[in-house]
Amino acid sequence: MSEPRLSSDSFDSSFDSTAYASTGGENLAEVIDLPSNGGQAPRASRGRLQELDSLAGKIALVTGAGSPDGIGFAIATRLRLAGAAVAIVSTTKRIHERAEEIDAIGFVADLSDEAEVGGLADAVGDALGEVDILVNNAGLTSKSDPAVVKPVAQLSYSDWQSELTRNLDTAFLVSRAFVQSMAERGWGRIVNVAATTGVVTAVPAEAAYAAAKAGVTGLTKALATEVVADGVTVNAIAPGLIRTGSSTVPELQKGLDGPLGRPGTPAEVAAAAVFFCAPSASYVTGQTLVVDGGKSLRA
């Protein structure tokens with residue numbers, strides 16, 4: 001494979017200069033036991049709460065972040081705003097444009113290829129250091145790489161394998177490449193992006209996609225149990241109808257039928273994903289958070 005490439009020759013690493021200060025139980029108690037102030041926390045306490053969820057000093061990798069209006073890039077942007085040093089990856093050179101926009105670092109790699117995933121792990125380590133936060137977003141379909149939409153009776157074995165490779169194998173390969181290092185260092189966050197399809201709902205002619213995304217949640221639970229004692233949490237988010245650049249008109253119309261009367265936004269999905277990455281989310285693992293505006297609640 002060709003070695004993953006950096007997004008720019010001069011990478012500004014100033015955001016990594018402030019080390020994250022770990023919070024002990026006594027300090028946490030001071031934040032929880034806030035004095036009554038009409039429901040408003042004092043300004044100093046609000047700052048303390050923000051510090052608890054700061055990701056300064058952490059290194060994050062987000063896969064599938066090449067689209068400017070996609071979920072992956074929205075997650076990477078929010079992680080960057082939280083103070084993390086961020087690496088992003090996609091299969092095309094446009095990842096370098098996204099990296100420049102948020103002062104991140106970009107890599108090009110095919111995450112369905114075991115060798116390229118290994119090369120990516122080495123490249124990220126050389127450029128930034130050990131990854132603390134991994135968001136497996138790669139696999140969501142796009143206009144250039146649409147999902148296989150066929151009834152099971154017409155679905156070829158190669159079509160079936162293609163959907164599982166793109167949506168499930170990528171999460172497995174990338175997680176495997178980084179989880180051991182997280183466990184050895186005693187801290188880590190892995191967030192897998194599933195979907196409501198296959199997890200809480202089903203769509204005709206999308207059996208392979210549904211099976212893959214259901215598999216993502218199964219991988220999430222199993223991996224969470226393996227590293228639960230090592231300070232590493234593994235969770236998933238399951239977006240519903242989200243307005244992205246790859247959304248079709250019928251999909252957007254379905255979003256109008258939901259309880260909120262609109263599709264979701266990548267930023268709303270990113271908020272859920274970054275919640276799992278926060279230091280204060282250390283007691284949440286093996287969970288899947290549905291982000292669909294309540295649409296799956298309707299019969």
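Contact means heavy atoms within 4.5 Å. In this predicted model, Phe73, Ala76, Thr77 and Arg80 of helix α3 meet Arg98, Glu101 and Ile102 of helix α4 in that sense. The residues of this contact divide into 3 nonpolar, 1 polar and 3 charged. The axes of the two helices, α3 spanning residues 71–81 and α4 spanning residues 95–102, come within 10 Å and cross at roughly 30 degrees, which makes α3 roughly parallel to α4, because angles under 35 degrees are counted as such. The crossing of α3 and α4 is right-handed.

A second helix pair is formed by α6 (residues 157–185) and α7 (residues 207–227), whose axes come within 8 Å and cross at roughly 15 degrees; α6 and α7 are therefore roughly parallel to each other. Here too a right-handed crossing is found, with α6 passing α7. On the α6 side the contact involves Trp160, Glu163, Leu164, Asn167, Leu168, Ala171, Phe172, Ser175, Val179 and Ala183, and the residues they meet in α7 include Tyr209, Lys213, Val216, Leu219, Leu223 and Val227. The residues of the contact of α6 with α7 divide into 16 nonpolar, 3 polar and 2 charged.

Attention turns finally to a single strand residue. Ser90 lies in strand β2, which covers residues 85–90, and with a relative accessible area of 9% Ser90 is buried, because the cut-off for that class is under 20%. A polar atom of the Ser90 side chain lies 3.1 Å from the backbone oxygen of Thr92. When residues up to four places away in sequence are not counted, Ser90 touches Ala65, Gly66, Ile95, Phe107, Val108 and Ala109.

Conventions: Residues numbered from 1 in each chain as written. Predicted model: local features only at pLDDT ≥ 70, side-chain atom pairs only at ≥ 80, totals over all residues. Heavy atoms only, no water. Axes fitted to C-alpha atoms, helices over the stretch in contact; angles between N-to-C directions. Helix = DSSP H or I, 4+ residues; strand = E, 2+ residues; numbered from the N terminus. Parallel < 35°, antiparallel > 145°, perpendicular 65-115°, else oblique. Left-handed = near helix turned anticlockwise from the far one by under 90°. Nonpolar A, V, L, I, M, F, W, Y, C, P; charged D, E, K, R; others polar. Buried < 20%, exposed > 50% of the residue type's maximum accessible area, 1.4 Å probe, protein only. Polar contact = N/O pair within 3.5 Å; in protein donor to acceptor, adjacent residues only side chain to side chain.
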